[in-house]
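Me: I am new to this structure and would like to go through it with you, asking at each step how a description was reached. Please set each value beside the cut-off that it is judged by.

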Amino acid sequence: MAHIDSFIGMMVQQNVERAILLGDKPAHLFINGQDSPGPIIPATQLQQVVQEIVPPDLRAGLANSEDVKFSYQSPNGAYQIVIHRVNGGALQVGIMPAGTSAAPPAPTEAPPAPAAAAENTPVQVISEKRSIKHIDELFHMMQKRDASDLHLSSKVLPMMRIQGVMQTLDEYEINTHDNLKKLLWQIAPERNQQQWESEKDTDFAYEVPGLARFRCNYFADRHGVGAVFRLIPSEVLTAQQLKLPKACMDLCSLSKGLVVVTGPTGSGKSTTLAAMIDYINKTRDEHIITIEDPVEFVHENIKCLINQREVHVHTDSFSRALRAALREDPDICLVGEMRDLETIEIAITTAETGHLVFGTLHTTTAPSTVDRIIDQFPPGQQAQIRVMLSESLKGVIAQTLLRTVDGKRVAAHEILLVPTSVANLIREGKTFQLPSQMQIGKAQGMQTMNDSIIKHVVEGRVAPIEGYIKAVDKVGIIQSYEANNINIDFEVNVGG
């Protein structure tokens with residue numbers, strides 16, 4: 001994240017209409033048309049800020065002391081930046097929201113600082129720090145700012161992840177361990193409080209009526225208690241809204257088999273699965289049982305009967321609930337996380353006995369997902385599991401989230417389907433050939449992660465550098481860029 005993004009984030013928080021940055025002098029912050037003193041930014045730091053954001057084609061003009069004006073896309077929206085030199089070459093940087101008609105004023109002197117401030121003391125136009133009265137106020141702020149996660153830690157300012165970027169909430173006080181613990185215990189069930197005291201971490205779900213549900217994780221680190229909250233929208237996004245590939249939706253029409261959605265933490269696996277369950281709920285007459293830790297998206301019965309069970313609340317474990325599900329007349333089972341051998345084994349058995357099973361794993365590619373499932377078992381069982389998996393596995397969806405050029409996020413998907421040719425490779429232990437099968441099977445709906453990333457880049461949604469960073473096969477993505485005549489304006493070591 002560029003340094004200027006933090007400053008723009010402060011502008012948004014403090015309702016600053018426009019700002020002017022001057023090296024070694026208090027910034028000018030315009031609030032309700034009034035010029036107020038802001039923080040002092042060292043001239044060397046301001047020079048670094050400018051070098052980060054000026055487009056390459058304008059740098060020559062800046063070096064020749066010409067005025068430079070351009071648009072800048074920050075995580076908080078589009079802004080107009082105006083840079084020129086005053087007082088014998090000193091930099092002055094004007095910042096205002098894009099579309100603002102008036103140009104930023106060009107003062108020659110810094111606004112007067114309050115009389116009590118020392119001459120060289122930075123002056124902040126930030127309201128007095130406030131404490132968090134109830135955690136719900138931060139949840140409402142998350143919704144307002146379109147944040148996905150809230151981070152609270154002892155001895156650290158609160159932070160939110162907004163469109164994938166961590167941003168500090170400077171208006172709040174730093175929490176001590178004791179204060180933060182009192183705050184967190186306002187919403188934690190007694191069972192989870194006791195679990196944290198004995199094990200130093202715990203998970204549960206919390207709902208603010210009319211706002212959203214939140215997946216809560218409490219933990220301990222070297223400074224004390226901490227917590228992370230993931231916002232789960234009250235409304236399940238549809239497959240159409242998520243633009244899920246047709247091959248993903250075709251898997252929802254299966255009557256039996258195992259479908260695995262995989263990806264790193266925070267890649268949107270739960271959102272994708274929720275959209276698929278929602279699609280089934282609207283198009284089929286079935287009995288669906290979900291086993292989650294905790295329950296995230298809440299599904300109301302539409303055409304299906306849906307029973308949602310939470311581990312540690314409605315059942316002791318994933319494996320116990322999945323084993324019990326076989327006696328509860330399900331058509332479809334969703335396993336929130338296949339985290340141990342027993343759960344994976346029961347999931348495969350359930351799929352073999354004529355049920356459709358959806359599950360998740362934390363792997364990065366479709367082929368590695370197959371290997372991970374097999375490697376969970378002792379060597380003496382792996383040959384048998386390969387046979388069982390080749391017959392029950394119907395599809396693997398691996399996904400990751402990419403930042404778009406407008407500061408939002410979009411998913412890239414790798415899709416492995418299991419026709420006879422793929423089943424034979426799994427049975428024979430030749431999973432290293434699966435990537436080539438995905439290339440061959442494009443007509444059936446299969447695709448590699450690089451194919452999906454390239455599509456986003458070619459259509460202008462994602463910058464090439466972002467696609468390169470998120471690609472697992474970096475040599476392959478560079479070759480795909482060259483084949484598609486995509487300019488690569490960054491230096492990479494394709495052999496590393």
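Me: At what angle do helix 12 and helix 13 pack, and how far apart are their axes?

Reply: This is a predicted model, and in it helix 12 and helix 13 pack at an angle of about 135°, with their axes 9 Å apart.

Me: Why are helix 12 and helix 13 called oblique to each other?

Reply: Angles over 145 degrees count as roughly antiparallel and those from 65 to 115 as roughly perpendicular, with the rest being oblique. The angle here is about 135°, and helix 12 and helix 13 are therefore oblique to each other. Their crossing is right-handed, and the contact is made by Val370, Ile373, Ile374 and Asp375 from helix 12 together with Gln382, Arg386 and Leu389 from helix 13. Sorted by class, the residues of this contact are four nonpolar, one polar and two charged.

Me: Which residues of helix 12 are buried, and what puts them on the same side of the helix?

Reply: Helix 12 covers residues 366–375, and its buried residues are Ala366, Pro367, Thr369, Val370, Ile373 and Ile374. They cover an arc of only 160° around the axis, and that is what places them on the same side of helix 12.

Me: What makes helix 11 oblique to helix 13?

Reply: Helix 11 and helix 13 pack at an angle of about 45°, and their axes are 9 Å apart. Angles under 35 degrees would count as roughly parallel, and roughly perpendicular begins at 65, so an angle of about 45° makes helix 11 oblique to helix 13. Helix 11 passes helix 13 in a left-handed crossing. On the side of helix 11 the contact involves Glu345, Ile348, Thr349, Ala351 and Glu352, which meet Gln381, Ile385, Met388, Leu389, Glu391 and Ser392 in helix 13. The residues of this contact divide into five nonpolar, three polar and three charged.

Me: How do you know whether Ser392 is buried or exposed?

Reply: Ser392 lies in helix 13, which runs over residues 379–392. Buried means under 20% relative accessible area, and Ser392, with a relative accessible area of 2%, is buried. Leaving aside neighbours within four places in sequence, Ser392 is in contact with Gly257, Leu258, Ile348, Ala351 and Glu352.

Me: Why are helix 10 and helix 11 described as roughly parallel to each other?

Reply: The axes of helix 10 (residues 318–325) and helix 11 (residues 341–352) come within 9 Å and cross at roughly 20°. Angles under 35 degrees count as roughly parallel, and helix 10 and helix 11 are therefore given that description. Helix 10 passes helix 11 in a left-handed crossing. In this pair Phe318, Ser319, Leu322 and Arg323 of helix 10 meet Glu342, Thr343, Ile346, Ala347 and Thr350 of helix 11, and the residues of the contact divide into four nonpolar, three polar and two charged.

Me: What makes His312 count as partly exposed?

Reply: His312 lies in the loop between strand 15 and helix 10. Partly exposed covers values between the 20% and 50% cut-offs, and His312, at 39% relative accessibility, counts as partly exposed. His312 also has a positive phi of about 80°, although it is not a glycine.

Me: How do you know that Asp329 counts as exposed?

Reply: Exposed means over 50% relative accessible area, and at 63% relative accessibility Asp329 counts as exposed. The place of Asp329 is in the loop between helix 10 and strand 16, and Asp329, which is not a glycine, has a positive phi of about 55°.

Me: Why is Glu466 called buried?

Reply: Glu466 has a relative accessible area of 12%, and since buried means under 20%, Glu466 is called buried. Glu466 is found in helix 17 and, not counting residues up to four places away in sequence, touches Leu401, Leu402 and Arg403.

Me: How many residues does the protein chain have, and what percentage count as buried?

Reply: The protein chain has 496 residues, of which 50% count as buried, and its secondary structure comes to 18 helices and 19 strands.

Conventions. Residues numbered from 1 in each chain as written. Predicted model: local features only at pLDDT ≥ 70, side-chain atom pairs only at ≥ 80, totals over all residues. Heavy atoms only, no water. Buried < 20%, exposed > 50% of the residue type's maximum accessible area, 1.4 Å probe, protein only. Helix = DSSP H or I, 4+ residues; strand = E, 2+ residues; numbered from the N terminus. Arc of directions from axis to C-beta. Axes fitted to C-alpha atoms, helices over the stretch in contact; angles between N-to-C directions. Left-handed = near helix turned anticlockwise from the far one by under 90°. Contact = heavy atoms within 4.5 Å. Nonpolar A, V, L, I, M, F, W, Y, C, P; charged D, E, K, R; others polar.
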